[in-house]
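Me: Please take a close look at the interface for me, and then at the empty space, with the cut-offs behind each term. I would like one connected account rather than a list.

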Amino acid sequence: MSEYAAVVNTSVSHEAPLNVAQLRQEFPILSREINGRPLVYLDNAATCQKPEVVLRAQDHFLRHSNANIHRGLHTLSQEATDAFEHARRQLQQLINAPSEREIIFTRGTTEAINLVAQSWGRSQLQAGDEILVSMMEHHANIVPWQMLAEEKGLTLKVIPVDEQGVLDMAAYQALLSDRTRLVAVAHVSNALGTVNPVHEITRLAKTVDAVVLIDGAQGVPHVAVDVQQIGADFYALSGHKIYGPTGMGVLYGREALLEAMPPWQGGGEMIDQVSFEKTTYAGLPHKFEAGTPAIAEGVAMGRAAQWLMETGVERIGAWEHQLTRYATDQLKSTLPDIRIIGEAPGKAGVISFVLPHAHAQDIGLLIDQLGVAIRTGHHCAMPVLHHFGVNATARASFAAYNTKEEVDFFVESLVKVREMLA
Amino acid sequence: MSAQDAQQELLDEFEFFDNWMDRYQYIIDLGKQLPEYPDEWKTEAFKIEGCQSQVWIRPQRQGDYLHFDAISDAAIVSGLIAILMKIYNDRTPQDILETPPDSFMQALGLDKHLSPTRSNGLHAMIKRIFTIAQLEQ
């Protein structure tokens, strides 16, 4: 058998804390200078940088094994198929899905959610049915449901959040009814950092037999995910947020649900037999994978999942918590009038903030001159920002490779920027 | 002074700055010196929506000249507006049309702020100034 025969559980003992200095060496881009200063990359919630093993996996595939996958008889096609299907098992293991048939490759979280809306939603929902989303959702977990609601006469209801950015579970329970067909919530909010109690959300949804979709784009990079333990029906994630490439993501779906769902996009790869009279479809997971996918990116995403397991997502999460606490303390003591948007207990490595008399755009532009990359704007989560009475925030978000020294430099830089804008 | 002369004057001023902080500080200060833009002019008709910052520009024909009042809710964009106002405000339409901003802003090292992908409203503001100049020619 090839080197891709099985996904070996390589997760070593993760008791020792992360060796960040050593880990940084794995990321070539971190040695770059921006505007003549060392890069301080704090835009990880938008996309993460990639470790050497992931870069090599993609490069190696393209140099040595590139071919179109499935059905090819020649050696390269077999190798490519093996590599791609190996990636599927790596992703299956990352989220502990029962079967690789339940791992659908998509372009990313957004496409995964749209797949559920267009296939499951269009075939299963009817006028009067209700969909619950939370107020802190990314637009990718709002707009597909709005489009579907408009088309089918569904009602979209919104679970509120409190002033800390914590989901109002009492309100959620009150909104649940026998009309609730779907609950779609983020595992971790990209704008606030809130980690939602997805187990409890799922358990409650199941009391009214609602289907549950978790937007895990910000979840998998920070929290150990076990879809069986959560019990959700669908879980969506993006490769580029788990130290992998862009253009590839995953929809996990419970097999029984996926089996019952009609295909969404038609084309090659997803068929069994095609004639002008009748076409029959391929089995899972290929039924939902029309056309040639981003094969090299898929292989590299698999390697990224493996890297995440080897490095230990719990250790990464713990380090990011430390950084977030440290940064929050430093920011508050250095800039007493800073307003942090989202202060949920135990939140993930995201600090969204506003400074009086300093437009987020100005902060972002000026701090970039100092080599610090942060994101400014509405973070594709306009409803929740409006809830907090702001149109835009500046957001620093952490990954495994960020350091306390970088946090110090970020805070110093912010003070300088603040002085310039005063 | 023509629009071209105003450009040269700005280029001379910017030559003094040998670091980015001073340059941006100067731009921010220019923005603060923009004439007051009353709230009642912040209407939809005068608004240019950027992705992150907003720009308002109110054009007026004053004899042979085009007069503009403009402001942004962000400091650097306001400063860049102030620079553009030094070149384009109270000029004849002809003068405006003969003075494209690109090479000048490049010389100042500020051209990246004008690209359509920056979506800060400046690109659209310049387009509006030129459209008005064309119509009023």
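Reply: In this predicted model, the contact (heavy atoms within 4.5 Å) draws 14 residues from chain A and 17 residues from chain B. Residues are numbered from 1 along each chain as its sequence is written, while chains are lettered from A and ligands numbered from 1 in the order in which they are written. Local features need pLDDT of at least 70 and side-chain atom pairs count only at pLDDT 80 or more, whereas totals for chains, interfaces and linings use all residues; side-chain values use heavy atoms, with hydrogens and water left out.

The size of an interface is often given as the accessible area lost when the parts come together. Between chain A and chain B about 1,500 Å² is buried, with carbon and sulfur atoms giving 57% of that area; the figure is the accessible area (1.4 Å probe) lost on putting the two parts together, summed over both. Zero salt bridges are counted between the two chains, a salt bridge being a side-chain nitrogen of Lys or Arg within 4 Å of a carboxyl oxygen of Asp or Glu. Six residue pairs, both residues at pLDDT 80 or more, are nevertheless in polar contact across the interface; this needs a pair of N or O atoms within 3.5 Å, and within protein one must be able to donate a hydrogen and the other to accept it, residues adjacent in sequence counting only if both atoms are side-chain atoms.

On the side of chain A that touches chain B, two or more residues each come from helix H12 (360-369), strand E16 (375-377) and helix H14 (404-421) of chain A, where helices (H or I, at least four residues) and strands (E, at least two) are DSSP runs numbered from the N terminus. H12(A) gives the most to this side, with five residues. By class, this side has six nonpolar, five polar and three charged residues, with Ala, Val, Leu, Ile, Met, Phe, Trp, Tyr, Cys and Pro taken as nonpolar, Asp, Glu, Lys and Arg as charged, and the others, Gly among them, as polar.

As for empty space, the largest pocket (on a 1 Å grid over the protein atoms alone, an open set of points where a 1.4 Å probe fits, with protein on both sides within 12 Å along at least five of seven lines; lining residues have an atom within 4 Å of a point) holds about 990 Å³. Its 46 lining residues include A:Asp43, A:Ala46, A:Arg375, A:Thr376 and B:Gln52, which lie nearest its centre. H12(A) gives the most to this lining too, again with five residues.

How values were computed: Points joined across faces, edges and corners; volume = space filled by probe spheres on them.
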